[in-house]
Amino acid sequence: MDFPLHGRSFLRELDFTFDEWTYLLDLAAQLKADRAAGKEKQYMKGLRIALVFQKMSTRTRSSFEVAAFDQGAHTTYLDPASSHVGYKESVADTARVLGRIFDAIEFRGDHQTTVEQLNKWSGVPVFNGLTDLWHPTQMLADGLTMREHAGKPLAETSYTYVGDARYNMGRSLLVSGAMLGMDVRIVAPKSLQPPHDVIEMAKARAEETGARVTVTDEVEAVAGSDFVHTDMWVSMGEPDSVWDERVELLTPYRVDANMMDMAGADAKFMHCLPAIHDRNTEVGLRVFERYGLDGCEVSDEVFSSDRSVVFDQAENRMHTIKAVMVASLGREA
């Protein structure tokens with residue numbers, strides 16, 4: 001196997017070209033098929049990867065650990081209680097230590113600047129598992145999932161993200177769709193739309209790829225979408241005090257059966273998870289008791305329906321994260 005991205009870090013989508021992003025999707029599809037067929041080759045035998053988590057995770061941690069295991073690599077998990085990073089030791093000093101011990105570093109946390117500092121000072125590839133600004137591993141998983149379910153090339157596929165689009169998911173879905181030549185629509189209240197500079201970056205990529213980019217507060221823009229994406233209304237680390245404002249702003253953007261019907265009879269629902277779609281969580285129960293909403297950003301009727309492909313997305317986190325690591329660290333046995 002050739003490794004054209006050998007030694008590359010994975011910090012944000014815009015660091016890659018159309019051909020490089022497509023290569024990662026193709027590699028993920030190949031690795032997924034090989035695993036299912038029981039003929040996966042190990043390209044990362046004996047390598048050591050540090051997993052630095054400032055934010056909790058189910059899918060990201062599991063995906064990195066299982067992907068590394070499948071490929072013969074070893075991981076060490078460092079949560080906030082297991083590391084002094086940012087508290088008693090600077091990011092730069094932590095990076096220089098980890099870079100001498102590990103072959104690569106994954107980071108999931110609050111700030112894009114942290115993952116960039118790790119990349120600057122460690123001397124080894126660094127992989128962004130999520131920051132405040134970008135979520136590139138999720139974008140590969142979403143791209144692979146849409147390619148599997150669309151029944152047509154991504155360049156002929158449309159999707160709409162509805163909800164709070166200021167941070168990682170809104171930004172990343174906007175630019176990754178533009179990179180792939182897709183019809184990408186961001187539907188959000190004006191106060192919750194992506195920053196102007198991110199919209200301009202997406203439009204610049206769209207000029208190169210032929211993508212169509214729409215940012216609007218009009219819910220009707222969902223019409224004709226092949227996929228409808230959303231995310232939680234309140235992110236990790238945000239105070240409970242923002243709930244009143246978010247519920248008022250975002251209830252009209254809640255994904256329910258009517259919105260899915262507006263998208264089209266064949267439209268699929270996507271969510272990066274976790275999702276507040278019923279009363280079976282502490283947050284879901286509190287929201288119901290306070291606001292009378294049975295589920296927040298999406299109704300359980302949609303989430304649990306045949307139109308939902310969220311668990312295919314979740315599985316594809318592992319296959320696409322594996323592709324990122326193999327592309328950067330892989331070597332022939």
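## Cavities in a predicted model

The second largest cavity comes in at about 30 Å³. This is a predicted model, and the count of cavities of 30 Å³ or more comes to two. The largest cavity has a volume of about 50 Å³.

Let's stay with the second largest cavity for a moment. Its lining is made up of Met139, Asp142, Gly143, Met146, Tyr159, Leu173, Ser176, Leu180 and Met182. Two elements, α5 (136–150) and α6 (168–179), each give two or more residues to that lining. Of the elements, α5 gives the most, with four residues.

Now for the largest cavity. Around it sit Leu5, Arg8, Ser9, Phe10, Phe16, Leu24, Val324, Ala327 and Ser328. Which helix gives the most to this lining? That would be α12, spanning residues 310–329, and its share is three residues.

Here's how the two look next to each other:

| Cavity | Volume | Element giving the most to the lining |
|---|---|---|
| Largest | about 50 Å³ | α12 (residues 310–329), three residues |
| Second largest | about 30 Å³ | α5, four residues |

What about the chemistry of the walls? For the largest cavity, the lining residues split into six nonpolar, two polar and one charged. For the second largest cavity, the split is six nonpolar, two polar and one charged. Arg8 is the charged residue among those lining the largest cavity, while Asp142 takes that part in the lining of the second largest cavity.

How values were computed:
Residues are numbered from 1 along each chain as its sequence is written. This is a predicted model: local features need pLDDT of at least 70, side-chain atom pairs count only at pLDDT 80 or more; totals for chains, interfaces and linings use all residues. Side-chain values use heavy atoms; hydrogens and water are left out. On a 1 Å grid over the protein atoms alone, a cavity is a set of points where a 1.4 Å probe fits but cannot get out, and a pocket is an open set with protein on both sides within 12 Å along at least five of seven lines; lining residues have an atom within 4 Å of a point. Grid points are joined across faces, edges and corners, and a volume is the space filled by probe spheres set on the points.
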